[in-house]
Amino acid sequence: MKKRGLWWIFGPVIIAFVLIGALFLAPFSLNHITQNDIREASVSFSKNVFKGEAIKTAAFNDKSKRYVPFFGSSELLRLDTMHPSMLAEKYHRNYQPFLLGQAGTEALTHYLSMQEMPNGLHKKQAVFIISQQWFTKKNSKVSFSEFYSPLQTANWLQRIERITPTDRFIADRLLREKQVKNNAVYNRLVTKISNNQPLSNADKNILSVRHRMLLREDQLFSNFSASNNWKNRVKPAIGRLPDKHDAATLLSEATKLGEQETTNNNFQIKNSFYKYRIKLNLKRLKNSQRNFDYRESEEYSDLQAVLAEFAKQHTDVLFIIQPVNQRWTDYTGLRKEMYYQSVDKVKKQLTSQGFNNIADFSRDGGQNYFMQDTIHLGWNGWVAADKKINPFLTKGYQPVNYHINNNYLSKRWQNLSPTPENLKSFK
């Protein structure tokens, strides 16, 4: 009787743990992702989508629509009428952007997210938007923790066949982050990669179980990230676009929108942004960017890891270099020479390794209504970007020939002053 009493107390608990374990280790998917789910996720900016694998896998395996990853940061959130997602949907193009990024997503977080979507990159196309504001002397610790997922690390470790300089660089980067450093399993495995030691079969078995459990968790919760952006922002926007695509008409409409939405300031900044983010601090922001410097940063090596992944996957990539709002930087004192040198450093890193599809808008920040706020593309900026994006993606995948230079992972490159002479001599 005593044993039976104990079973009635602890038996249900034991059964529950067994069932949960079976659920998480089951070989079948735990959710059903519809085409509507994917469409919503493509503009949701959900952290669950960015950090997870399930939705991205479904999107890039979708046979009914060709989703193309657009990597970037907060500029992607500006879903105005001329945004790439609106134009692709309105004009029934042979691609639809899948937006991966929001405020704080930089090269390292993108690299880790890429580990969960090789099917979206391998011999396919992508668009990667670069912001010079990423290239600060100190990288953001907050952003890493906000967008990190242990599933990313499991995917990265599982995909290592032969340890490369990029793998060792990423390992060293991860070991500085508490999310990895304080995890006993990941700390041990990542340390082995940092020390150029291959993972054992036992390590791989542990990873396999952990990956399956994390993937089940992702499948269970990834659909809880639905947004109403498609209904509330995309559909109304495409209703305002001209019925037929014409670049001149689009530019005219974009200019009208820019004029209508920037009436309360002299910087051609969107009214709402100026009212809530700038107006009250305007005097304090005068000359506030005089000491900003984007020329020396670990971000250059983080970007190199991204380039190595694109090369590994033979991805055909278009890079977009954003400008800054010249009217605003004239007020805040951002040094033009410094800014353009940082752009030259990025372009040297790209072109010297065969990444030649570059839309450089860095000198266009003074054009009318090109920027929506201080640092993000706006109405006419998106029209200009579309003139590069649309033909690139409509033409489809083109074979690539990249040649990765691991010297771009070095502190020497991170700290190199990008004078013309230094850039020319760096090899």
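Author: Helices α6 and α9 cross in a left-handed way. This model is predicted.

Reader: Which residues make that contact between α6 and α9?

Author: From α6 come L108, Y111 and L112. From α9 come T166, D167, I170, R173 and L174. Helix α9 covers residues 165-174. The two helices pack at an angle of about 115°, and their axes are 12 Å apart.

Reader: How are α6 and α17 placed against each other?

Author: Helix α6 spans residues 107-114, and helix α17 spans residues 299-313. Their axes come within 8 Å and cross at roughly 25°.

Reader: What does that angle make of α6 and α17?

Author: Angles under 35 degrees count as roughly parallel. The crossing angle is roughly 25°. Therefore α6 is roughly parallel to α17. The crossing of this pair is left-handed.

Reader: Which residues form the contact of α6 and α17?

Author: On α6 they are A107, L108, Y111 and M114. On α17 they are E299, D302, L303, A305, V306, E309 and F310.

Reader: Now the rings. How many aromatic pairs does the structure hold?

Author: It holds 23. One of them joins F128 and F319, with centres 5.9 Å apart and planes at 55°.

Reader: How do you know that F128 and F319 form a pair, and why is it called tilted?

Author: Ring centres must lie within 6.5 Å, and 5.9 Å meets that. Planes under 30 degrees apart would be stacked, and planes over 60 would be edge-to-face. An angle of 55° falls between those limits, so the pair is tilted.

Reader: What parts of the chain does this pair link?

Author: Distant ones. F128 is in strand β3, residues 125-130, and F319 is in strand β4, residues 316-321. They are 191 residues apart. Both F128 and F319 are buried.

Reader: What about F267 and Y274?

Author: They also form a tilted pair, at 6.4 Å centre to centre and 40° between the planes. The distance is within 6.5 Å, and the angle is neither under 30 degrees nor over 60. Both F267 and Y274 are buried.

Reader: Which residues do ring pairs link into a cluster?

Author: F71, F128, W134, F310, F319, F355 and Y402.

Reader: What makes a charge count as sitting over a ring?

Author: For a lysine, the NZ atom must be within 6 Å of the ring centre and within 35 degrees of the ring normal. The charged end of K345 sits over the ring of W413, 5.1 Å from its centre. K56 lies over the face of F50, at 5.9 Å from the ring centre. Both distances fit within 6 Å.

Reader: Why does S149 count as buried?

Author: Its relative accessibility is 11%. Buried means under 20%, so S149 qualifies. S149 is in the loop between α7 and α8. Leaving aside neighbours within four places in sequence, S149 is in contact with K51 and E116.

Reader: Why is T136 called partly exposed?

Author: Its relative accessible area is 28%. That is not under 20% and not over 50%, so T136 is partly exposed. T136 lies in the loop between β3 and α7. Not counting residues up to four places away in sequence, T136 touches D293, Y294, E296, S297 and E298.

Reader: How far is T136 from R295, in sequence and in space?

Author: T136 and R295 are 159 residues apart in sequence but 7.8 Å apart in space, C-alpha to C-alpha.

Reader: What is notable about the phi of F45?

Author: The phi is positive, about 60°, although F45 is not a glycine. F45 is in the loop between α2 and α3. At 12% relative accessibility, under the 20% limit, F45 counts as buried.

Reader: What of the phi of N287?

Author: N287 has a positive phi of about 60° and is not a glycine. It lies in the loop between α16 and α17. Its relative accessible area is 29%, between 20% and 50%, so N287 is partly exposed.

Reader: Is Q289 buried or exposed?

Author: Buried: 14% is under 20%. Q289 is in the loop between α16 and α17. Leaving aside neighbours within four places in sequence, Q289 is in contact with W328, T329, T332, G333 and L334.

How values were computed. Residues numbered from 1 in each chain as written. Predicted model: local features only at pLDDT ≥ 70, side-chain atom pairs only at ≥ 80, totals over all residues. Heavy atoms only, no water. Phe/Tyr/Trp six-rings, centres within 6.5 Å; stacked < 30°, edge-to-face > 60°. Helix = DSSP H or I, 4+ residues; strand = E, 2+ residues; numbered from the N terminus. Buried < 20%, exposed > 50% of the residue type's maximum accessible area, 1.4 Å probe, protein only. Contact = heavy atoms within 4.5 Å. Axes fitted to C-alpha atoms, helices over the stretch in contact; angles between N-to-C directions. Parallel < 35°, antiparallel > 145°, perpendicular 65-115°, else oblique. Left-handed = near helix turned anticlockwise from the far one by under 90°.
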